[in-house]
Amino acid sequence: MPTKFLPATIATFRKQKSLAERGVAQLSDDQLRAALDPNTNSIAVIMKHVGGNLRSRWTDFLSSDGEKSWRNRDDEFVETFASRDEMMQAWEAGWAALFATLESLTDADLDREVTIRDEVHSVPLAILRALDHCGYHTGQIVLTARLLVGNNNWQTLTSPCGQSQQFNERFRKS
């Protein structure tokens, strides 16, 4: 199992990233900054948070606490981007840290422990914790994007509603 765990995890993270980005690609710059109500975060804020979280957790993953002293988590929830490009750079920086670290890990590293906020985690638990966190926020991004775009203009990211059989046929023919 260990030899399959890391590639499967990387593939799953890549799928989460792709889903979020394909949803975001359907939005205008103004929609990226729109919160659905006063108690929710805009997609730009969620992406800023995910980028900051990933950068903190996956920089020096095996040798330092995942909550870096340089991280300002509270600032991640304040939208400060001057442009979509700036937002995407922050997002990409986090994902780059994650993928660089995951791709450098070996099966032997899966037996190690790391700390996150002074709490000890096995490496697999830390990976799954991050995957869960990214999946949660990917769901927020996609749902918010879909609501902002509207059903009439939304480009489905997975199996279209009512078309599961046709969608599945694509994979059977491959």
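This report walks through a predicted model of one protein chain, from its overall build to its charged pairs and its one cavity.

Residues are numbered from 1 along each chain as its sequence is written. Because the model is predicted, local features need pLDDT of at least 70 and side-chain atom pairs count only at pLDDT 80 or more, while totals for chains, interfaces and linings use all residues; side-chain values use heavy atoms, with hydrogens and water left out.

**Overall build**

Let's begin with the whole chain. It holds six helices and two strands (DSSP runs, H or I of at least four residues for helices and E of at least two for strands, numbered from the N terminus). From the N terminus on, the order is α-α-α-α-β-β-α-α. The C-alpha atoms fill a box of roughly 50 × 45 × 25 Å along the principal axes. Of the 174 residues, 38% count as buried (under 20% relative accessible area, with exposed over 50% and partly exposed in between, using a 1.4 Å probe and protein chains only).

**Helix α3**

Helix α3 covers residues 43-58, and 15 of its 16 residues are buried. Its end C-alpha atoms are 22 Å apart, which agrees with the 22 Å expected at 1.5 Å a residue (1.5 Å times one less than the number of residues). Just after α3, Asp60 takes a positive phi of about 55°.

**Charged pairs**

The count comes to eleven salt bridges (a side-chain nitrogen of Lys or Arg within 4 Å of a carboxyl oxygen of Asp or Glu). Here are three of these pairs.

| Pair | N to O distance |
|---|---|
| Arg84 and Asp29 | 2.7 Å |
| Asp75 and Lys48 | 3.4 Å |
| Arg112 and Asp109 | 3.5 Å |

Arg84 meets Asp29 in a salt bridge; Arg84 lies in helix α4 and Asp29 in helix α2, so the pair ties together parts that are 55 residues apart in sequence. Asp75 and Lys48 also meet in a salt bridge, linking the loop between α3 and α4 to helix α3 across 27 residues. Asp75 is partly exposed at 33% relative accessibility, whereas Lys48 is buried at 10%.

**The cavity**

There is one cavity of 30 Å³ or more, with a volume of about 40 Å³. A cavity is a set of points on a 1 Å grid over the protein atoms alone where a 1.4 Å probe fits but cannot get out, and its lining residues have an atom within 4 Å of a point. Grid points are joined across faces, edges and corners, and the volume is the space filled by probe spheres set on them. Among the lining residues are Ala44, Phe81 and Arg84.

Conventions
1 Å grid on protein atoms, 1.4 Å probe; cavity = no way out; pocket = protein on both sides within 12 Å on 5 of 7 lines; lining within 4 Å.
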